[in-house]
Amino acid sequence: ANYAVDAIKSFTLATDDDNVAATYLLLGNICREKNEFDHATLYINNALNQYKAKNDSLSVSKALQMLASVFHRQYRYQEAIDAYQQALSYVKNSKDKQYISSLLNSMALIYRDKGDNEKALQKLSESLFLLDPAMYNKERAEVLNLIGSIYFKMRQYDQALEYYLKSADIRKELNMEEELAAVYINIGLVYREKNLHQQALEYYQQALDIRKKSGTPESVMTTLGYLGGYYLNLRMYSEALRHYLDQLKISLTYNNKKEMAGALANIATINMEQKNYRKAIDYLEYALKINLELKDYNKLGANYVLLGNVYLNMKDYMTALQCYEESLEYRRKLGDETQIAATLVNIGLAYQHWGKYKKAWEAFSRSSEIRHKIKDYAGLSVTYNHLGNLYLEKKDTSEALKHFRQSLRYAKLSGNTYQWALGSRKIGEIYLAYQQADSAYPFLQQSLSLGIDLHHLELQRRAYFALHQYYLQKNDYKKALTYYSNYAIISDSIYQRITNQYLQEKQMEADLNFKDSKIKDFESEIENLRAEDRIKAIELKRQQNIIYFISVVAFLLVVIGLVILRGYRYKHQLNEELEKHIADIQRANELLRKSEEELKILNSTKDKLFSIIAHDLRNALNGILNLTQMLINEQIGDYNEKKEVFVLINESAQQLHTLLTNLLDWSRSQTGKITYRPEVFDLYELADKNKKLLHLNANAKHITLANRVMPQTFVYADREMINTVLRNLISNAIKFTPENGLIVIQAIIRDTDVLVSVEDNGVGISEENQKNLFRIDKSFTTRGTNMEPGTGLGLILCRELVEKNKGEIWVESELGKGSRFYFTLPRTMIPEKSTVPHEQENL
């Protein structure tokens, strides 16, 4: 920049106006890249005046183009559009179609950033029309790619894919590898949004291969980020994290702060998905700090939305709303009305979760106004769906129906098939609630058809259930049963998929030890790189201080004492900074050490759990295998003997069922997948339900089951969790009580809680074994009075569930006299109206 200023002085003295103007433009470009926009505007205007004085139309146009780009970077969209219009007016008769096309493309990008997608498409269509395929095929590929990006932003994915593929064909033909990789990423994004994951992965991988071969580190980082997003979308967290850590590592190596901030935000998303909210907040705050330095308002807006989502998941609604408001401020600075409308939806959802329906309605309404203005039909479909859900939550079905109809209308206009199916089903369900079955049917049938087309199991499941209810209203029980069967099959399929996924994850835990160590290696490398970066910066500062110190000593010999004092102060400050950074590194190492210890504890718990179930699982399977082998070999011929064998097989299968049920419930409680939904309910009814459920087991041993819980003994707890606790305790009592025994279920209402007990007169438990109850690290199994097998998990699960309900569980027992298991639950007054928490869901 200094050389350019000197050059201007020389050219001015030599009256070389051409070079003066060109140098002003050069200075303007330098200041623009340094984000010194005021200086950039000043220099470009100086060049502009020089070119206007010479009537150089093309140079005036190019200066205006550069000025418009400065306005664009400052988000001064209207001034940028005006400058581009002027630039076009100076070259309207020019034969340089390529240059005019570039101006139109730049204008289209401004309209896109403003959210005016129709005007953006109009400018790009004009640009494409100017370019002769025989001469400007490379430029046509760029315009086609831009058109695809506009359709993608409008969620019109089929149109976006059409233009992206056209662009890719041209770039492949012209061997434009870097540009081809860019369009491959765009194609991958489309396929990801269409849930065609294999196709998305193929294009992402092709883009990465190209960029690793011939691209820049920045382009490799970007591609790794998209691949991480692909795996995150599939909830393959370890793979997603691996790609994001690679992205972060390269960004640290090349000090690319933009990519560094992106990687940190991506890692924060993984932690949020896995409910590691504190870690997610830490990563996002670091990303925010970097983007604030870069003055990247777009990324700042996105980071604050993500941070708001973290706090919303934590049910910290006030902080979530503060984050969304921060995002809104940045997006207003950008003037991007599409993103402003999206942020208002986030604000509306936060207020809705908080129970502040009026404020939620206001936010959704503001969002719909903006989306009407910019004709964002896909967005309007989403907003009206949220408004419909809001009115449903307020029990205003008439208004809900009105807004779901609006959602359906705009879903059809935008081709948003998912929202189309969703809105159709919700309209049908409301008509069913009104007992207007004939009006409901076409909407329900449409929802089912679209759900099948989308291969969306949850949409299909809910549509089948709604159609089952329709046929019940029509008294066509045969078809009602058919649709309910389909509903049950898909429900089982979804449940089986979740169960299989869980079991596969457990089966792969041993392999994950290797991956975990690899991830830890990546994290260590990243932390080392960050530490090295800090040390290099400190060392550089130290060297600069030393050079400065020597210069001052040489120049100011007469004040040597002052210089020494100043040097001492610098040194002291430097040592403090070094100590601070060393402390930071030590804290980071301590965090890594704690994480490693937690992982060892988790692995130890896993091993102990497997040791608990291995014996019972193997015994049950061996029993079934041996008995069935005897039947196959025809070793048993008598009918009564066969009947006994079948009874034994049934008992082994029941043992397996109990073991797997307890194992699944326990694992879900450990991973937080059991949602705690407390409510007021009558403990007497729940005890009676379990008495009826288990009376056959008790009758088989002539055991008397007595429910001595008083009616209207109300507690405040999760009904399903307490049902599991009672079922396990009563089952255990039956198992360890001899024939003609007695089992009593009682409840005592105390000041603040209810004391529940399950008492038997069975074999009892020794003092030594009582100490090991409820502990996974000391768990054991014993057989019942009729040699019934045990699982070893029942009491562990009971303890987990009781503690989740803010209670305690213990046992009093004596060998040969029986056992009494106690647990407490929070007490509640008899309610005037029973309240059941409303489950909010979009589907």
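The crossing of helices α14 and α16 is left-handed, a term used when the near helix is turned anticlockwise from the far one by less than a right angle (clockwise would be right-handed). The model is predicted, so local features need pLDDT of at least 70 and side-chain atom pairs count only at pLDDT 80 or more, while totals for chains, interfaces and linings use all residues. Residues are numbered from 1 along each chain as its sequence is written, and side-chain values use heavy atoms, with hydrogens and water left out.

Two packed helices are described by the angle between their axes and the distance between the axes. Helix α14 covers residues 257-273 and helix α16 residues 297-313; their axes come within 11 Å and cross at roughly 15°. Axes here are lines fitted to C-alpha atoms, for helices over the stretch in contact, and angles run from 0 to 180 degrees between N-to-C directions. The two helices are therefore roughly parallel to each other, the label for angles under 35 degrees (over 145 is roughly antiparallel, 65 to 115 roughly perpendicular, the rest oblique). On the α14 side, the contact (heavy atoms within 4.5 Å) is made by Lys258, Ala265, Thr269 and Met272. On the α16 side, Lys299, Asn303, Leu306, Asn309, Val310 and Asn313 take part.

Helix α16 also holds Tyr304, and Tyr330 lies in helix α17 (residues 317-334). These two tyrosines form a stacked aromatic pair, 6.1 Å centre to centre with 10° between the planes. Rings of Phe, Tyr and Trp (its six-membered ring) pair if their centres lie within 6.5 Å; planes under 30 degrees apart count as stacked, over 60 as edge-to-face and the rest as tilted. Tyr304 and Tyr330 are 26 residues apart in sequence, so the pair ties together parts separated by that stretch. Both are buried, meaning under 20% relative accessible area (exposed is over 50%, partly exposed in between; 1.4 Å probe, protein chains only).

Elsewhere, ring pairs link Tyr441, Tyr464, Tyr470, Tyr471 and Tyr483 into a cluster. The count of aromatic pairs comes to 23.

Another buried residue is Asn385, at 4% relative accessibility, in helix α20 (residues 377-393). Leaving aside neighbours within four places in sequence, Asn385 is in contact with Phe404, Ser407, Gln419, Leu422 and Lys426.

The protein has 32 helices and seven strands, which are DSSP runs numbered from the N terminus (helices H or I, at least four residues; strands E, at least two). Of its 843 residues, 45% are buried.
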